[in-house]
Structure formats: structure tokens, C-alpha cells
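Student: I should like to work through this structure by question and answer. Please show the sequence and the coordinates before we begin.

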Amino acid sequence: MMKFNPADEVQDLQYFGEFGGVNPSISDSSTYTFLSAKTMFDTFEGNAEGCYLYSRHSSPSNLYLGQALAAMEGTETANVSASGMGAITPTLLQLCDSGDHVISSRTIYGGTYAFLKNFTPRFGIKTTFVDITKMDKVEAAITAQTKVLYCETVSNPLLEIADIASLSLIAKKHNLKLVVDNTFSPLSVSPVKLGADIVIHSLTKYINGNSDTVGGVTCGSREFIDSLKNVNSGASMLLGPTMDSLRSASVMKNLRTLHIRMKQHSSNAMYLSKHFENDGLKVVYPGLESHSGHQLYKRMINPEYGFGGMMTLDVRTLEKANELMELMQSRKLGYLAVSLGFYKTLFSAPGTSTSSEIPLDEQKAMGLSDGLIRFSIGLDNNIERTYQIMKECMIELGVL
Ligand SMILES: *Cc1c(COP(=O)(O)O)cnc(C)c1O
């Protein structure tokens, strides 16, 4: 059998629009008619396959995009949502009742961290944050109430690698659901193939790749996705973070070039990180031998897509980091902006931006230093030229 390749799964999908178009038609409707009242009842009950009821539940465009993302992740199905947080929060609320417990990596996206730390306790859901790279710490945190093990494949912003196969063994042993946010590593890593139960993406980042919208997806079993969408008890259906059809059609068109973009992001980031490491800078990039998770990541990835486009540089102080980012922006190297996966390089200081939800002492404990700059390396055509200009900026500011 051929090895699973996520981009081939997306490539093999074929759609026919209403008039034979090569793109599926966009359904510009919030509600749908029924020729018989009986079919409407059956649809409400979830027993009328192929019938649409109301677009908060499903729309043809969202189902097409969901199918494509499920194919990419190797799951039975998927549910797209209006943002990454709109995928993460209903998924966790669907899996946990009041009194339940979550074990989460301590280095996760700031919004997810804030949700688990500040918001879910209001509903009696408690979270223990652990160093996800230490299996003994993970296992020691499990209680009789634990339902979910939550992590990011490549963590934000420290780029730690989660050993998904080992975590899945722990999850199976204790009957937990392993939920993996794969936003930083689409195509490169296929978490379900390594044993994860549910995979989440913020489509806002690499998958859409154009910084023109937010979006999200939860990929999982048909049983779980149906439960999310249940009209009486589904967190996605009842909280309502639905993506608009026009937007999901647009995201789907961008998904088709993801494989080409990921290869370019990865090779550019590899080039820069190797060169800056040789120059003596403190670089963190999972593709470098010096990265503590490098060997593990190498075993996990679909190698042709590389180690991704995320890299961090530590320039020691926040002041230097800010100066450097402003200078790089003025030299047209990219934007001082949060988010990732754009054609231009994006940079920000995570301590003061995307991870500012994490208290300062906890940031220190996890190795998030003030002078850290997080880069999402762009699709630059000539990365050697980019490197030279970046280096000039660093020399000018005495960072190099
Ligand atoms: C951006 C991001 C999210 C949140 O996604 P939104 O689309 O901004 O809601 C979740 N996880 C990770 C890893 C992210 O980078």
C-alpha cells in the first residue's frame, strides 16, 4: 500500500459545480426548502443524509471544505468553524462535563491557554498544565476525572515537539481523548496517523495562507463530529461559530496550494535558521540538529514538507527585539504582526503579544524570554537576499 500522503488526498478530491463548474457551487442561503414535511422532520432528527436544514448546522460549502480537511488529516469527517478558537472551544466543551479534568501542554496558543485557565473553571472544568515533552509528568497528572489530553504538535511560541505516538499510548491506556492542534504543521505531520483522536487547525494560518480571514476546523470521527453538530446538545450547533459559505469556498481554493507553500516556507526557514545559527545567534528551529525535539520530529514528519516556517531568535532584550522588528519592517522584510503563514514574513515578540495571556513568572518558567522574536518565514523567492538584508539590520543594531 502507498504511504498516506495528505496532499495527495486533497489532490484526489474532485467536485462538480451545479453547472458542471470545476469548483463546487457556493450555496448563498441560510435556510433550505423541503418538498415534504416528513423529510424536514427527519433532517432535524439527523436522519436525512444529503439534506440541508439551516446553515448554522451545515451548508454545502462548509461540508466541501470539511471533507477536504478530513481527507488531509485522514479522519472520517470534519466540522469547519468561523475561527480556530471557534473550533477549539466547542470541541473541549463537547468532550468535558462539569467536574471533568483536562491535561494540557503548558506551551499552547495564548487564547487556548486563557480559555482553559480562566474560562472553563466557571463550568467546573479544571486543567493541569504540564511539560508535554515529559511523559512521566503527563501520566502523573492523570486523575479519575481526566477526559482530555491536549497539545499542539509544534508548540506556540517555543516550538517544542509533542511526541504524539507516545501521548496516544497514554491516552488509550487511561481512556482519554487526545486532541492535537496541528496549526503549525499542516501536511508535515498527520497526528491521527500517529494515534490522535481529534485534530484541530486554525485555518487562519498556513491553510488559508492569505491573512484575509479567520477560520478553524475540527477533524475527527463521524460520531464525534455529529455530536458537535447535534441540534439538541452539540456545542458547535448551540454556540454557533459557523463559517460563512462564501468564505469557506475561498479557504478551499487556498488549501489547494498548501503543499507548494509549505515546502517553500520550510526551505526558507531552514536556510535562515542554519545561517543565523552559524552566525552565533540563539535560534530555535525544529529542523536544526541543535533543537531538542529534532530527532523526534524527524521521525514524525512527512519529510517532503519539511520542518515548517516557524523560527525564533533570541536577541536578549525586549528593547532590541522591538528595534530590530521595526527596522526589518522598514526594510520591507515583512510585517510586525501576530499570526503566521503569510507570503511575507511576520514577526512579533510573543511575551508581549500572542502569549501575553500567560503570567510573567510562568513565561519565565517555560523559557519564554523577553528578547524572543517569533518569525513566520514567508515565501520569499530569493532567501539568500533576505538573509543578507536581515543580517545588515542585525549588524546595524549590534545584535550580530
Ligand atoms: C492562531 C491560533 C489559534 C487560534 O486561531 P484563530 O483562528 O485566531 O481563532 C489556535 N491555535 C494555534 C496554534 C494558533 O496559532
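Student: Is Lys282 buried or exposed, and what is its relative accessible area?

Tutor: The model is predicted, and the values are computed from it. A residue counts as exposed when its relative accessible area is over 50%. Lys282 passes that cut-off and is therefore exposed, with a relative accessible area of 58%.

Student: With which side chain does Lys282 meet in a salt bridge?

Tutor: Lys282 lies in strand S8 (residues 282–284), and its partner lies in strand S9 (residues 310–314), so the pair ties together parts that are 32 residues apart in sequence. The partner counts as buried, at 12% relative accessibility. The N to O distance is 3.5 Å, and the residue that meets Lys282 is Asp314.

Student: How many residues apart are Asp100 and Lys147, whose side chains also meet in a salt bridge?

Tutor: The side chains of Asp100 and Lys147 meet at 3.0 Å, N to O. Asp100 is in the loop between helix H4 (85–95) and strand S2 (101–105), whereas Lys147 is in strand S4 (residues 146–152). The pair thus links distant parts of the chain, and the separation is 47 residues.

Student: Which of those two counts as buried, at 8% relative accessibility?

Tutor: Buried means under 20% relative accessible area. Lys147 has a relative accessible area of 34% and is partly exposed. The residue at 8% that counts as buried is Asp100.

Student: Why are Lys320 and Glu323 separated by about one helical turn, and in which helix?

Tutor: The side chains of Lys320 and Glu323 meet in a salt bridge of 3.8 Å, N to O. Lys320 counts as partly exposed at 26% relative accessibility, and Glu323 is partly exposed at 33%. An α-helix has 3.6 residues a turn, so residues three or four places apart point the same way. Lys320 and Glu323 are about one turn apart because they are 3 residues apart in helix H13 (residues 318–330).

Student: How many salt bridges does a search of the whole structure find?

Tutor: Salt bridges can also join into a network, as they do for Arg106, Asp131 and Lys134. For the whole structure, the search gives 11 salt bridges.

Student: Which residues touch the most other members of the largest nonpolar core?

Tutor: The largest nonpolar core has 81 residues. Not counting residues up to four places away in sequence, Leu69 touches Val80, Leu203, Ile207, Val217, Cys219 and Leu255. Within the core, the residues that touch the most other members are Leu69 and Phe276.

Student: Why does this core lie between two domains, and which are they?

Tutor: The centres of the two domains, taken over C-alpha atoms, are separated by 27 Å. In contact across them are 39 residues of domain 1 and 39 residues of domain 2. The core of 81 residues lies between the domains because both give residues to it, namely domain 1 (6–255) and domain 2 (258–397).

Student: Which residues of helix H8 are buried, and what arc do they cover?

Tutor: In helix H8 (residues 222–229), the buried residues are Phe224, Ile225, Leu228 and Lys229. What covers them includes helix H3 (60–73), strand S1 (77–81) and helix H9 (235–239). The four lie on the same side of H8, because around the axis they cover an arc of only 135°.

Student: Which residue stands opposite Phe347 in strand S12?

Tutor: Thr345 and Phe347 point one way from strand S11 (residues 345–348), Leu346 and Ser348 point the other way, and all are buried. S11 pairs in the parallel sense with strand S10 (residues 334–336) over 3 bridges. S11 is also joined by 3 bridges to strand S12 (residues 372–376), and these two run antiparallel. Opposite Phe347 in S12 stands Phe375.

Student: What is the phi of Asn175?

Tutor: Most residues other than glycine have a negative phi, and most peptide bonds are trans. Asn175 is in the loop between helix H7 and strand S5 (177–181), and Asn175 is exposed, with a relative accessible area of 69%. Although Asn175 is not a glycine, its phi is positive, at about 60°.

Student: Which residues are joined by a cis peptide bond?

Tutor: The proline of this bond, Pro157, is found in the loop between S4 and helix H7 (164–173). Omega is about 0°, and the residues joined are Asn156 and Pro157.

Key: Residues are numbered from 1 along each chain as its sequence is written. This is a predicted model: local features need pLDDT of at least 70, side-chain atom pairs count only at pLDDT 80 or more; totals for chains, interfaces and linings use all residues. Side-chain values use heavy atoms; hydrogens and water are left out. Buried means under 20% relative accessible area, exposed over 50%, partly exposed in between (1.4 Å probe, protein chains only). Two strands pair if DSSP finds at least two bridges between them. A salt bridge is a side-chain nitrogen of Lys or Arg within 4 Å of a carboxyl oxygen of Asp or Glu. A nonpolar core is a set of buried Ala, Val, Leu, Ile, Met, Phe, Trp, Tyr and Cys residues joined through side-chain atoms within 4.5 Å. Domain bounds come from an automatic or database domain assignment. Contact means heavy atoms within 4.5 Å. The arc is that of the directions from the helix axis to the C-beta atoms.
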